[in-house]
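Colleague: Got a minute to walk me through this fold? I'd like to go strand by strand, then look at the helices.

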Amino acid sequence: MAETLKATKREKTGKIANRNLRLNGKIPAVLYGEGKDVVHLELCADQFNTIVRHGVKNITLEGDVSESVVMREVQWDTFGTEVLHVDFFRAGN
């Protein structure tokens with residue numbers, strides 16, 4: 001079962017930009033795969049945390065990017081309580 005997650009493209013990347021995203025309740029993410037360009041995204045932290053708690057790996061992105069993706073990697077803070085970054089891989093047909 002695939003969950004739906006709202007994703008917005010982000011222009012700024014790097015440590016300071018990502019820190020500011022997290023302070024505003026967002027999570028930086030990246031979408032790659034299938035020989036297409038890499039897309040930098042931002043996700044709503046509350047919505048993403050709900051999906052992670054349910055153990056969902058297959059996700060449908062909506063918003064600036066509309067694709068079916070697989071959650072490839074989730075990077076957590078030192079204590080394992082806050083998501084720092086997410087990697088998505090484009091799901092093959």
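Colleague: Which residue stands opposite I59 in β5?

Modeller: V69 does. Bear in mind that this is a predicted model.

Colleague: How do β4 and β5 pair there, parallel or antiparallel?

Modeller: Antiparallel, over 4 bridges. A hairpin of 3 residues joins β4 to β5.

Colleague: And on the β1 side of β4, parallel or antiparallel?

Modeller: Parallel. β1 and β4 share 5 bridges. In that pairing A7 stands opposite G63 in β4.

Colleague: What do the strands add up to?

Modeller: A barrel. 6 strands close it, in the order β1-β3-β2-β6-β5-β4, and the pairing is mixed. On average, neighbouring strands are turned by 45° against each other, direction ignored.

Colleague: Let's do β6. How many of its residues are buried?

Modeller: 6 of 8, so to speak of β6 (residues 83–90) as mostly covered is fair.

Colleague: Which way does β2 run against β6, parallel or antiparallel?

Modeller: Parallel. 4 bridges join β2 (residues 26–32) to β6. V30 stands opposite D87 there.

Colleague: And β5 against β6?

Modeller: Antiparallel, with 7 bridges; β5 covers residues 67–76. M71 stands opposite F88 in β6. The two strands form a hairpin with 6 residues between them. In that turn, G80 has a positive phi of about 70°.

Colleague: H85 caught my eye. Where does it lie?

Modeller: In strand β6.

Colleague: Is H85 buried or exposed?

Modeller: Buried. Its relative accessible area is 15%, and the cut-off for buried is under 20%.

Colleague: What does the H85 side chain make a polar contact with?

Modeller: The side chain of D87, at 3.2 Å. D87 is also the residue opposite V30.

Colleague: What else does H85 touch, leaving out residues up to four places away in sequence?

Modeller: R10, then I27, P28, A29 and V30, then E73, V74 and Q75.

Colleague: Next topic, the core. How many residues are in the largest nonpolar one?

Modeller: It has 20. Those with the most contacts inside it are L43, F48, I59, L61, V86 and F88. β1, β2, β3, α2, β4, β5 and β6 each supply at least two of its residues. As a general point, nonpolar side chains tend to be buried together in soluble globular proteins.

Colleague: What is L43 in contact with, beyond four places in sequence?

Modeller: L5, K6 and A7, for a start, plus G25, K26, I27 and A29. L43 also contacts F48, V86 and F88.

Colleague: How do β2 and β3 pair?

Modeller: In the antiparallel sense, over 6 bridges, with β3 at residues 39–44. The bridge partner of A29 in β3 is L41.

Colleague: Helices now. What does α1 lie across?

Modeller: α1 (residues 15–23) lies across β2, β3 and β6. It runs at about 125° to β2.

Colleague: Which α1 residues are buried?

Modeller: A17, N18 and L21. They fall within an arc of 95° seen down the helix axis, so they line one face of α1. The buried residues of α1 pack against β2 and β3.

Colleague: And which exposed residues does the face turned away carry?

Modeller: K15, I16 and L23. Just after α1, G25 takes a positive phi of about 80°.

Colleague: What about α2, what does that one lie across?

Modeller: β1, β2, β3, β4, β5 and β6. α2 covers residues 45–53 and runs at about 145° to β1.

Colleague: Back to phi. Which residue has a positive value although it is not a glycine?

Modeller: E34, at about 55°. Most residues other than glycine have a negative phi.

Colleague: Where is E34?

Modeller: In the loop between β2 and β3.

Colleague: How does E34 count for accessibility?

Modeller: Partly exposed, because its relative accessibility is 44% and that class runs between 20% and 50%.

How values were computed:
Residues are numbered from 1 along each chain as its sequence is written. Side-chain values use heavy atoms; hydrogens and water are left out. Buried means under 20% relative accessible area, exposed over 50%, partly exposed in between (1.4 Å probe, protein chains only). Two strands pair if DSSP finds at least two bridges between them. Axes are lines fitted to C-alpha atoms, for helices over the stretch in contact, and angles run from 0 to 180 degrees between N-to-C directions. Contact means heavy atoms within 4.5 Å. A polar contact is a pair of N or O atoms within 3.5 Å; within protein, one must be able to donate a hydrogen and the other to accept it, and residues adjacent in sequence count only if both atoms are side-chain atoms. A nonpolar core is a set of buried Ala, Val, Leu, Ile, Met, Phe, Trp, Tyr and Cys residues joined through side-chain atoms within 4.5 Å. The arc is that of the directions from the helix axis to the C-beta atoms.
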